[in-house]
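Student: I have the sequence and the coordinates open, and I would like to work through them with you one question at a time.
Tutor: Good, please put the structure up and begin.

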Amino acid sequence: MQRFPEIIARYEGWTCQQCGKPLMPGKAQLTYMGSVFDVELPKCAKCGMVIVPEELALGKMLEVEQVLEDK
Amino acid sequence: MEQQDLRQWEWLCIQEEPPLCQATCPIHVDVRLFARHMAAGKVDDARKVLAKTMPLSGVLGRICDHPCEQACRRGDPRDGDEAIRIGSLERSCVTQSDARPRSIPVPPKGKSAAVVGGGLSGLTAAWDLARKGYAVHVLVPESEIGGVLLAYPDKVLPKEALVRELELMASMRITIETNASVDAERVESLLGEHLGVYIGLDSPALIDIHLDLGFEPDAIDPLTRGAGRPGLFAGAPIVSAPFSPIRAALHGRQAAVSLDRLAQGASLTASRDKEGPFETRLYTSMHDVEHARAVKLTGPDGYSPEEARQEAARCIQCECMECVKVCPYLAHFKGYPKKYAREIYNNLSVIHGLRQANTMIESCSNCGLCAEVCPNDFHMGTLCLQARSEMVQQDKMPPSAFDFALRDLDFNVSHKAVLARPDPDTGACEWAFVPGCQLSGATPEHVRAAYDHLRANLDGGVGMILHCCGAPAAWAGRPDLLANVTESFRSLWKELGEPRLILACTTCLQTFREHLPEMVCTSLWETLESLALPQGAGGQGAYTLHDPCTSRHEPAVQVSARAMAKRLGVIVRDPDLTGIYTECCGFGGLMEAANPGMATKVVAQRTTDNPAPFLAYCAMCRDSLSRQGAKVIHLLDLLYPHLAREPEPASPYPLIRSGSGPADKHENRARLRNQLAREIWKEAPEPMDDFERIQLVLEPEVRDAVDARRILAEDIQRAILHAETTGRRMRHEESGHFIACHQPAAVTYWVEYAPQPEGLVFRVYRAWSHRMVIKGVA
Ligand code: SF4
Ligand code: SF4
Ligand code: SF4
Ligand SMILES: [Zn+2]
């Protein structure tokens, strides 16, 4: 599983409004063009909703997307 | 792409054809590379280049009669100056260097050939055959080896030079028999012992041997060197013309090829047309070449090393590259179209593994400048568009490339943006104004102003059609979608009674000419030329006129645009590339969508090569050029100066402004459609979608970032609406901000926002997106 503790640390203080639970680092799965990746994301312990941090979406994830697109 | 299509494309690009010198050289010495090494002072490397094709380079390099020089591009009487002195350079090279024997041992073929004659021609045949692995028996009638070579003065061809080459030959599978008696009987037995015999006639002792052997020198086959009977070959007769060493070498070489083919049972004649001099298709422009005469020969011993370096540096390293010189996109991938065609073909054939040409295929602007400058009209855009549609069909088009543009197109043919109405006063429709998506998105106020002006000045009723022409579908490799869009346009046009169309955009013009040829189209500029100017029209100053790339083959449009500019009081000058050679603004072919960095390069070249300010007459060109900070105005700005936003009267160019981003354009089109329907055709407004009630507040930096990420206001509105109605959102206690996400299709959008006290107003702090899908949270 890929971990990005520094990025996740920036999302402390966010809570899931539906469940009232604080977001904690938790496992999530991302898929793209047939590949599946396990990553740690800020996640609601109750309903499982996650945030994909901006830093991740525009950084590592974009890189992987581009590799999978064979750019 | 089929292999034969690839061959067709490859054939068009002549960049890999040999330069004139090499094609004319009977043995095709790579003169260009040789000269490059000589110019760099790398004499040993230059010698290796010679030795690669040249037999006995220490001899031939000194005495070659250099027919290549006659052909040298520099020596062309029409636009050149003086040919490179290739012969003198070769001489200088071989006197300064030594050819070491080749170290690669050739496996013996187990067969042998005989050569009669110790002249250059016979020695060449022996040299070539030995290098192919044959054992060679050379019969020299004289006591000394060399034939005609022995007649050269020592200053020109020192004895040691020949001796050195004979030493090299001694290390090959060659035996030389001097004082050999050669007559018909001997040749007969040689023919029996060996696979064949070559008679090199460039030896005084052999001057009459043909009489003995019963062939005429004139009747020797010019291609195979066949001399009238199987296995017998001959060449290099001493004729009255001055002895040509290179011709003698060629004859020996041709015979060696024939003997080799004979040994292999192959055809003696098939595909030999590139042996000996041939015509090359290479094109080389002398346009930017500075003229310079050849370096003079000062001493009797030829060029000194320094003189040779200088003379070699005059070689212009002939190549074509005409298209690469003018297209930053072609230059970026470090090759030329023939190479690119192969890469694209390979890319399309990949089943597993990396498709390395995707970015290249997606980034071409399809502007066609390459075809204009290419001697064979190679149109890289056509090739890329074919490749794109093939990728789409194979389901291999990366979703990120054209997705955004296609979503934009969807919107532009939806009821939110489309409008087709006859003249509001008369209901007649002899004409219809088609502003196009770009102008409607960039400056909707110009659409309205131009429409009013046309209506006031044209008879027969002027209607309006707001609808995409389909160009983005064609660019994205979606002929299916293009067909739908043009079909939908056609039916609107029919409903209006087939009006004559007035087009503000040359891309629409180009698309309609090709796909809806039954429609009569003229450009807005041609139409306006014959009408009175609107009140208050006019400007001043001097501008560089940028023709859109899609006007390339529309000279009437280009002429009208210039005439209008003149009428409006401004001075226009042409950029370096103009008219049929105009450059793309970086938007065409969806270059900007697929590869923003490439579009930036293209614009940067245009704006640094030419003085600002620019005058454009395509909304997209205006926006693209201004995106790089170049000062640009649109012809319509001069027609309607009172519509300028935030005019700066103090500036000499008060009409200059930067273009709207894609998100704004989207909004502008919807607004324009509703405004026109309401104000001109007195229609009730379309019911609003729920998400449209969400009002956004974005600081300028946020807006720029959102634009650059190609996130539409609509995407943000939908994400917020979704969060607000379902309650599925994250909350930050301290700041009171929310984060929400929404995945309408392939892309997931995120937004951090805070509700404002009044109504449905939300302040947006940031928005981002990704394509990876979160499993279970779709
Ligand atoms: S202009 Fe370009 S495509 Fe045409 S022959 Fe030259 S290098 Fe090839
Ligand atoms: S300029 Fe150089 S490459 Fe071109 S023909 Fe002359 S020698 Fe050959
Ligand atoms: S961008 Fe234009 S000039 Fe360059 S390769 Fe594409 S069509 Fe040709
Ligand atoms: Zn929850």
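Student: In which loop of chain B is B:Ala236 found?
Tutor: Before answering, note that this is a predicted model, in which local features need pLDDT of at least 70 and side-chain atom pairs count only at pLDDT 80 or more, while totals for chains, interfaces and linings use all residues. Residues are numbered from 1 along each chain as its sequence is written, chains are lettered from A and ligands numbered from 1 in the order in which they are written, and side-chain values use heavy atoms, with hydrogens and water left out. Helices (H or I, at least four residues) and strands (E, at least two) are DSSP runs numbered from the N terminus, and on that basis B:Ala236 is found in the loop between strand E5 (232-235) and helix H12 (245-264) of chain B.

Student: Is B:Ala236 buried or exposed, and what is its phi?
Tutor: Buried means under 20% relative accessible area, exposed over 50%, and partly exposed in between, with a 1.4 Å probe and protein chains only. Because its relative accessibility is 2%, B:Ala236 counts as buried. Its phi is a positive value in a residue other than glycine, near 55 degrees.

Student: Where is B:His28, and what is its relative accessible area?
Tutor: B:His28 has a positive phi near 55 degrees, although the residue is not glycine. Its place is in the loop between helix H2 (20-24) and helix H3 (31-39) of chain B. B:His28 is buried, its relative accessible area being 18%.

Student: Which peptide bond leading to B:Pro613 is cis, and what is its omega?
Tutor: B:Pro613 is found in the loop between helix H29 (596-609) and strand E13 (614-616) of chain B. The cis bond runs from B:Ala612 to B:Pro613, with omega near -5 degrees.

Student: Which residues donate to the zinc ion (ligand 4)?
Tutor: Donors are N, O and S atoms within 2.8 Å of the metal (3.2 Å for Na, K and Ca), and since water is not among the atoms, sites may look incomplete. Along the chain, the donors of this zinc ion follow the spacing C-x2-C-x24-C-x2-C. Lying 2.3 to 2.4 Å from the ion, the protein donors are the SG atoms of A:Cys16, A:Cys19, A:Cys44 and A:Cys47.

Student: Why is the arrangement around the zinc ion (ligand 4) called tetrahedral?
Tutor: Four donors count as tetrahedral if all angles lie between 85 and 135 degrees. The ideal angle for four tetrahedral donors is 109.5 degrees. Here the 4 donor atoms subtend angles of 107 to 113 degrees, which makes the arrangement tetrahedral.

Student: How many residues apart in sequence are the parts that A:Cys19 and A:Cys44 tie together at this zinc ion (ligand 4)?
Tutor: A:Cys44 counts as buried, at 1% relative accessibility. A:Cys19 lies in the loop between strand E1 (14-16) and strand E2 (23-32) of chain A, and A:Cys44 in strand E3 (residues 35-44), so the pair ties together parts that are 25 residues apart.

Student: In what order do the elements of chain A run?
Tutor: Of the 71 residues of chain A, 44% count as buried, and its C-alpha trace spans about 40 × 20 × 20 Å along the principal axes. Chain A has 3 helices and 3 strands, and from the N terminus on they run α-β-β-β-α-α.

Student: Why do the buried residues of helix H33 of chain B line one face?
Tutor: In helix H33 (residues 700-708) of chain B, the residues B:Val702, B:Val706 and B:Asp707 are buried. Seen down the axis of H33(B), these buried residues fall within an arc of 135 degrees, so they line one face of the helix; the arc is that of the directions from the helix axis to the C-beta atoms. The face turned away from that buried side carries the exposed residues B:Pro700, B:Glu701, B:Asp704 and B:Ala708.

Student: Which side chain makes a polar contact with that of B:Asn358?
Tutor: B:Asn358 has its place in helix H17 (residues 358-363) of chain B and, at 1% relative accessibility, counts as buried. A polar contact is a pair of N or O atoms within 3.5 Å; within protein, one must be able to donate a hydrogen and the other to accept it, and residues adjacent in sequence count only if both atoms are side-chain atoms. The contact, 3.0 Å long, joins B:Asn358 to the side chain of B:Asn347.

Key. Tetrahedral: all angles 85-135°; square planar, octahedral: opposite > 155°, others 65-115°.
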